[in-house]
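User: I am new to this structure. Please take a close look at the disulfides and show me how they sit in the fold.

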Amino acid sequence: MKTLTLTIAKGERSAPVTGHALLRCDPPGGTHSDPEWACEVLEEVGGHPADLVPPRGVICTLQYDPVTVSATGIWNDEFIRFERTFGNACSLWAETGPVFAFWNSWGWSPKGSWRPWRPRHRGDTGAAGTAQTAKTTTAAEATATAGAAKLSNR
């Protein structure tokens, strides 16, 4: 079974929820706007959004307009729990690609043709390479990540 409930909230907290989607993979489906692409990307990281590593060359503004996302569910009989605050919607998109891109429900979409977005694998090198590989599994870690996002404006 590969099913995740995804949420988006504007601000530094996971509630109130601004948008949500059900993502089912194998076969792709649910209420997500592009389940095939989101499932393909998550398959590469075993269903763990925390393990997504952004592609090189994505540039976002430093405007702080926080967005908090969560993913909860089951992926290959493993419980998945992810929550993270990003500095803005562009940072969210840059780091998670299509996973939280059910933009019709929350009013933002990436500009231009971002369809080629593909995560780099953990073994890749580079400044952004291994910085995003830790899994966020507890509320304390989520809070620490939100604080770091404020400081780094990511």
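**The disulfides in their setting**

Analyst: The accessible surface of the protein chain comes to about 7700 Å² in this predicted model. Carbon and sulfur atoms account for 55% of that surface. The protein chain has 154 residues, and 47% of them count as buried.

Start with the layout. The protein chain holds three helices and five strands. From the N terminus, their order is β-β-β-α-β-β-α-α.

Now the disulfides. The structure holds two. With the bonded cysteines numbered in sequence order, the pairing is 1-2, 3-4. A disulfide is a covalent bond between the sulfur atoms of two cysteines.

Take Cys-25 and Cys-39. Their sulfur atoms lie 1.9 Å apart. The angle about the S-S bond is -85 degrees, and the link is left-handed. Cys-25 belongs to strand 2 and Cys-39 to helix 1, with their positions 14 residues apart in the numbering. Are these two cysteines buried or exposed? Cys-25 has a relative accessibility of 6%, so it counts as buried. Cys-39 also has a relative accessible area of 6% and is buried.

Next come Cys-60 and Cys-90. Here the sulfur atoms are 2.1 Å apart. This link is left-handed too, with -75 degrees about the S-S bond. Cys-60 sits in the loop between helix 1 and strand 4, while Cys-90 is in helix 2, so the pair ties together parts 30 residues apart in sequence. Cys-60 counts as partly exposed because its relative accessibility is 21%, and the cut-off for buried is under 20%. Cys-90 is buried at 16%.

What surrounds these links? The largest nonpolar core has 28 residues. Leu-6, Leu-23, Leu-42, Val-69, Val-99 and Phe-100 have the most contacts inside it. Elements giving two or more residues to this core include strand 2, helix 1 and helix 2. Helix 1 gives the largest share, five residues. Leu-42 touches several residues distant in sequence, among them Leu-23, Trp-75 and Val-99.

Strand 4 completes the picture. Seven of its nine residues are buried, so strand 4 is largely enclosed by the rest of the structure. It runs antiparallel to strand 1, joined by nine bridges. One pairing there is Ile-8 with Val-69. Strand 4 also pairs with strand 5 in the antiparallel sense, over nine bridges. Thr-72 has Arg-81 as its bridge partner in strand 5. Two residues separate the strands of this hairpin, where Asn-76 takes a positive phi near 50 degrees.

Conventions:
Residues numbered from 1 in each chain as written. Predicted model: local features only at pLDDT ≥ 70, side-chain atom pairs only at ≥ 80, totals over all residues. Heavy atoms only, no water. Helix = DSSP H or I, 4+ residues; strand = E, 2+ residues; numbered from the N terminus. Buried < 20%, exposed > 50% of the residue type's maximum accessible area, 1.4 Å probe, protein only. Areas by Shrake-Rupley, 256 points an atom, 1.4 Å probe, with all protein chains shown as cover. Core = buried A, V, L, I, M, F, W, Y, C linked by side-chain atoms within 4.5 Å. Contact = heavy atoms within 4.5 Å. Pairing = 2+ DSSP bridges. Disulfide = S-S within 2.5 Å. Lists of a residue's contacts leave out its neighbours within four places in sequence.
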